[in-house]
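Trainee: I should like to learn how to read the features of a protein model in an orderly way. May we work through one together?

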Amino acid sequence: MVEDCAIPGCKTPSEDTHGFCTEHADEMFDQFLRHVEDVLGIASKVYFGRTHFPEQRLLQHFVDAQRDHLLVMHWTANWPEAKEFEEALISAFKEQSQYKRVENEALGSEGTYSGSWNALYISFALKYDSPWPPGGIDVKRLHRRNRIWPNPVIPNAPVLLWCGLTKEEAKSELDRFKEAADPARPRMGRAPKQRVRKARSSS
Ligand SMILES: [Zn+2]
């Protein structure tokens, strides 16, 4: 069955795997392109991806590849849609490979994936002379509740996450979170664990 376009008020049938008509899909994609172009102006290394848990993914990108910024551009519960947009972005910016700025390598395992929402994101490191972009969310700790939530509003205002931890701190936080999320762990009466020390700057 062909559904109507997901944009409220649009009665045109949706096309392909995403839930939008051709016109609205193009409009959304143009918006992603503008976000990416903004990022390319300040970034040295760029990676497109999709994830259920952007904060965790940010720390992974930071630990694995020194990319300490992550811009969430879009949320969707339609996985083929997220994949389609991601692949379209990768192919749109492949031509930029002469600058060695766009890369897409396999990420290490992030443990169990859960949740029905996918965020489409761009992960990046700043050029050495770029000013730190203002605002954004400083990710210091991973928590399933205390995090940005999937925002189904279309189009979605982009959300910038960044990581000011050291690589070692980020690695410990990923390990701590993975261990805490392991359902096989004993639930009660376990010995108190060494906590990761967190610098708490008042801001
Ligand atoms: Zn439409």
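Trainee: At roughly what angle do the axes of helix α2 and helix α4 cross, and within what distance do they come?

Mentor: Please note at the outset that this is a predicted model. As for the general idea, two packed helices are described by the angle between their axes and the distance between the axes. Here, helix α2 spans residues 54-65 and helix α4 spans residues 167-180; their axes cross at roughly 135° and come within 9 Å. That angle makes α2 oblique to α4.

Trainee: Is the crossing of α2 and α4 left-handed or right-handed?

Mentor: The crossing of α2 and α4 is left-handed.

Trainee: Which residues of α2 and α4 meet?

Mentor: From α2 come Gln56, Leu59, Gln60, Phe62 and Val63, and they meet Lys167, Ala170, Lys171, Glu173, Leu174 and Phe177 in α4. Sorted by class, this contact has six nonpolar, two polar and three charged residues.

Trainee: How do the axes of α1 and α3 cross?

Mentor: The same description applies. Helix α1 covers residues 22-42 and helix α3 covers residues 79-93; the two axes come within 11 Å, and the crossing angle is roughly 50°. This makes α1 oblique to α3. The crossing of α1 and α3 is right-handed. On the α1 side the contact is made by Phe29, Phe32, Leu33 and Val36, and on the α3 side by Phe85, Ala88, Leu89, Ala92 and Phe93.

Trainee: How do the residues of the contact of α1 with α3 divide into nonpolar, polar and charged?

Mentor: Nine are nonpolar, and there are no polar and no charged residues in the contact of α1 with α3. The contact of α2 with α4, by comparison, includes two polar and three charged residues.

Trainee: Let us turn to the chain as a whole. How many helices and strands does the protein chain have, and in what order do its elements run?

Mentor: The protein chain has four helices and five strands. Read from the N terminus on, the elements run α-β-α-β-α-β-β-β-α.

Trainee: What is the order of the strands in the sheet?

Mentor: The order within a sheet must be read separately from the order along the chain. In this model the five strands form an open sheet with the order β1-β3-β2-β5-β4, and the pairing is mixed. β1 and β4 (137-138) stand at the edges; each has a single partner strand, so one side of each is left without a neighbour in the sheet.

Trainee: Which strands pair with β3, and in what sense?

Mentor: Strand β1 (residues 43-51) runs antiparallel to β3 and is joined to it by eight bridges. Within that pair, Ala43 stands opposite Leu126 in β3. Strand β2 (residues 69-76) also pairs with β3 in the antiparallel sense, over seven bridges. There, Thr76 stands opposite Asn118 in β3. Strand β3 itself (residues 118-126) is mostly covered, since seven of its nine residues are buried. For the whole protein chain of 203 residues, buried residues make up 31%.

Trainee: Do β4 and β5 run parallel or antiparallel?

Mentor: They run parallel: two bridges join β4 to strand β5 (residues 159-162). The bridge partner of Ile137 in β5 is Leu161.

Trainee: Where does Val159 lie, and which residues does it touch?

Mentor: Val159 lies in strand β5. Leaving aside residues up to four places away in sequence, Val159 touches Val72 and Ile148. Val159 is partly exposed, because 18 other C-beta atoms lie within 10 Å, and a residue counts as buried at 20 or more. The C-alpha atoms of Val159 and Ile137 are separated by 8.1 Å, although these residues are 22 residues apart along the chain.

Trainee: What should one look for in the backbone itself?

Mentor: Most residues other than glycine have a negative phi, and most peptide bonds are trans. Gln66 is not a glycine, yet has a positive phi of about 60°. Gln66 lies in the loop between α2 and β2 and is exposed, with 11 other C-beta atoms within 10 Å.

Trainee: Which residues does a cis peptide bond join?

Mentor: A cis peptide bond joins Ile154 and Pro155, with omega about -10°. Pro155 lies in the loop between β4 and β5.

Key
Residues are numbered from 1 along each chain as its sequence is written. This is a predicted model: local features need pLDDT of at least 70, side-chain atom pairs count only at pLDDT 80 or more; totals for chains, interfaces and linings use all residues. Axes are lines fitted to C-alpha atoms, for helices over the stretch in contact, and angles run from 0 to 180 degrees between N-to-C directions. Angles under 35 degrees count as roughly parallel, over 145 as roughly antiparallel, 65 to 115 as roughly perpendicular and the rest as oblique. A crossing is left-handed if the near helix is turned anticlockwise from the far one by less than a right angle, and right-handed if clockwise. Two residues are in contact if their C-beta atoms, placed from the backbone, lie within 7 Å. Ala, Val, Leu, Ile, Met, Phe, Trp, Tyr, Cys and Pro count as nonpolar, Asp, Glu, Lys and Arg as charged, and the others, Gly among them, as polar. A residue is buried if 20 or more other C-beta atoms lie within 10 Å of its own, exposed if 12 or fewer, and partly exposed in between; C-beta atoms are placed from the backbone. Two strands pair if DSSP finds at least two bridges between them.
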